[in-house]
There are 2 protein chains.
Amino acid sequence: MSATISDSDDGLDVKAYMVALGRRARAAARVLAASESAVRNRALEAMAATIEADTDTLRAENARDMEAGRQAGLDEALLDRLELTPERIAGMAEGLRQIAALPDPVGQVSDLAYRPSGIQVGRMRVPLGVIGIIYESRPNVTADAAGLCLKSGNAAILRGGSEALRSNRAIARCIVAGLESAGLPIEAVQVVETADRAAVGQLITMPEYVDVLVPRGGRGLIERISNEARVPVIKHLDGVCHVYIDDDADEDMAVEVAVNAKTQRYGTCNTTETLLVAESIAARVLPRLAERYDQAGVELRGCERTRELLPQAGEATGADWDAEYLAPILAIRVVAGIDAAIEHIARHGSGHTDAIITRDYARARRFVREVDSSSVMVNASTRFADGFEYGLGAEIGISTDKLHARGPVGLEGLTTCKWVVYGEGHVRQ
Amino acid sequence: MSATISDSDDGLDVKAYMVALGRRARAAARVLAASESAVRNRALEAMAATIEADTDTLRAENARDMEAGRQAGLDEALLDRLELTPERIAGMAEGLRQIAALPDPVGQVSDLAYRPSGIQVGRMRVPLGVIGIIYESRPNVTADAAGLCLKSGNAAILRGGSEALRSNRAIARCIVAGLESAGLPIEAVQVVETADRAAVGQLITMPEYVDVLVPRGGRGLIERISNEARVPVIKHLDGVCHVYIDDDADEDMAVEVAVNAKTQRYGTCNTTETLLVAESIAARVLPRLAERYDQAGVELRGCERTRELLPQAGEATGADWDAEYLAPILAIRVVAGIDAAIEHIARHGSGHTDAIITRDYARARRFVREVDSSSVMVNASTRFADGFEYGLGAEIGISTDKLHARGPVGLEGLTTCKWVVYGEGHVRQ
């Protein structure tokens, strides 16, 4: 018997508690799958209104979490993420309204066509069923995740960080009020109300009640869940993104894109971490880039050839080519040309987002075809790899997996397609 | 250290052997992903021609497998599956030519559109990378699986049954000849040449070299692989399919479809195993159906109400509602109406294929929407749930999973989509 199914200290039978949650979610999922778009949207609007009306309560409950967090010695960055300011509360409500306004993916039928046998066959987009969301301290994820799951017709089981439990419970009450006012089952969104870590172990190993897991948090959390889960996981691991400046790049464009890709934000997964520069253009663009990076306070770490051109750059070691800095540091490598660039990306990239800057038609096509990353770009900043920029309307996360959902995942990633067949009494010969 | 990474009896280091296979497959996959359709099709045509030319060799190698199988005491059904008759060899060649003639899924771009930022974003269909196929005695799967993987731009690692090793090797030589003649890397299709079972354990736990597994075989094989794999699995488990005859069904149609769904073939996963009949129509259709099933030699097992109408039927026990008979046996249950039918299917079905027979517009729509199966049908036989009938051109298998591929899986199931972004120097604001 593993730790995940043992009783917690306070006597709660965590396994029984989670199974009961799972059963109720499964039942609610059937009702949601059959519900009309308008009803789900009404629930989302009502949740938003309740969150706004309950701002004071939300702040009071959050203050208790903050106080407990301070006493437990949480660091300032964590406390900042934990805090529900009036702006963040308004943001949750606004987010739910935006989700309500998106098109409903459920029930869309594609490729409906007659077959030689006479049957008509197509694919209908349907909810996955029950989604388990596991996240860390930001309590606003509770409203966001609940909204995305509900919109796509799925029941949700939400497991936030224990340090945010009171805030999450208070948000859950607003969500339940919204579900009730629209006549939807209140079990459509359930918050795990125990801080016992065994609850996560149970949640990720009950495929009979949970169809997919979406962990949102640091790499440690995601790896732990992926390794132990018996339910499919939509996961996001590293973003080691590249910009390759080709021989035939427009130099001004190359500088602007490479600067933006590194400096527009440092902590995001689509930020460029390694710059590859073709040998023949390096002497012309690298000094210009170094000046801009210097202004922005970016530390440069280069290969030998780079350091000949930029003596101020530090030395890149083997580890630098695989690093996701998430910081104002950039690795720079001079390469012979596109072959070496593609080879470097295949070896060191994380399959997230990579861009080429070129005026050459054939090399642009080759790069797009041969680089095996979730987003491949020509003459654009890697920072565009984002569900909102791609027009998904919402983003559940960015998947670094290849199956099911790859790259930015919108509502569609929380649905699947079933086959629908219409006949007039057709039988198979 | 687990058994899967231990050395085999004959001194082969199975782990090192499989890792080497994986490395070569990964390198070949990059070449394939960049290859032209025409080149891959030429390889497929050349494989077909080589298989035809080598018929005698294939038969001789297969005869050695058959002889060894007889000595090992394999039963007649297994020996039959193992045998490569001239017809089956011709069938392999024909299958490869059909695959060559299909449209190439690789490189198709969908939904390419400009975004408000000015970038143009779309999705490009690309190969998954390296596919591991694990199958049982039929050696013709070797050609079939190799062809499907190659067509979709993937490298393949094939692990057939040890009883078919000589046959599979001989087929692999034809495949390699085809790859060579088209100028493709011969490592694009590799057959695992050791009978050591540890090879499977290794194959399914090296995500760095294998992107997806497709087990083809009995439930035992598939469950074992799914439980132990650290690579995603496209799997097919039970087919407990239903036909529900609604109150308002056309009686003649109901009889023809229900008979076809059960009797057209018994051993297939899309064969109906349970018939649900609305109470108000049961007395009219069940006696007609019983007569037809009796003619076909189908054993009936009914609920109490069914047995009042059909005294000749046996008694259905609890286990019958969950049974995948794969045999001339049918469970029959009289239900109050569509609600009870949907409830029964949710509880006892396997999410494979379910059909309603009705003239009622609203109930047809409800059934399609609310039954959560990979294929949902109106007035058509469940036997239609098949890649060829659905127009996929080829079928890798039928998936009972919800993520990535659901229901019949064609070439598309061996591909994924990456995002492509075209800009003119666009940067994020």
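Two strands count as paired if DSSP finds at least two bridges between them. The model treated below is predicted.

**Exercise 1.** Find which residue of E16(B) stands opposite A:Val376, and state how many bridges join strand E13 of chain A to E16(B).

*Solution.*
Step 1. Begin at A:Val376: the residue opposite is B:Val420, in E16(B).
Step 2. Count the bridges between strand E13 of chain A (residues 375-380) and E16(B): there are five.
Step 3. Apply the cut-off of at least two bridges. With five bridges, the strands pair, and they run parallel.

**Exercise 2.** Describe the side of chain B that touches chain A by its elements and by residue class.

*Solution.*
Step 1. Take the extent of the contact: 55 residues of chain B meet 55 residues of chain A.
Step 2. List the elements of chain B that give two or more residues to this side: helices H1 (14-33), H10 (251-263) and H14 (361-370), with strands E13 (375-380) and E16 (415-426).
Step 3. Look for the largest share: E16(B) provides it, with eleven residues.
Step 4. Sort this side of chain B by class: 24 residues are nonpolar, 16 polar and 15 charged.

**Exercise 3.** Work out how the two copies are related.

*Solution.*
Step 1. Lay chain B on chain A: a turn of 180° with a shift of 0.0 Å along the axis gives an RMSD of 0.0 Å.
Step 2. The copies are therefore related as by a two-fold rotation axis.
Step 3. Locate the axis from chain B: the nearest C-alpha of that chain belongs to B:His404, 1.9 Å away.
Step 4. Compare the contact residues: 100% of those of chain B recur in chain A, so the same surface serves both copies.

Methods: Residues numbered from 1 in each chain as written. Chains lettered and ligands numbered in written order. Predicted model: local features only at pLDDT ≥ 70, side-chain atom pairs only at ≥ 80, totals over all residues. Contact = placed C-beta atoms within 7 Å. Helix = DSSP H or I, 4+ residues; strand = E, 2+ residues; numbered from the N terminus. Nonpolar A, V, L, I, M, F, W, Y, C, P; charged D, E, K, R; others polar. Least-squares fit on C-alpha atoms with pLDDT ≥ 70 in both.
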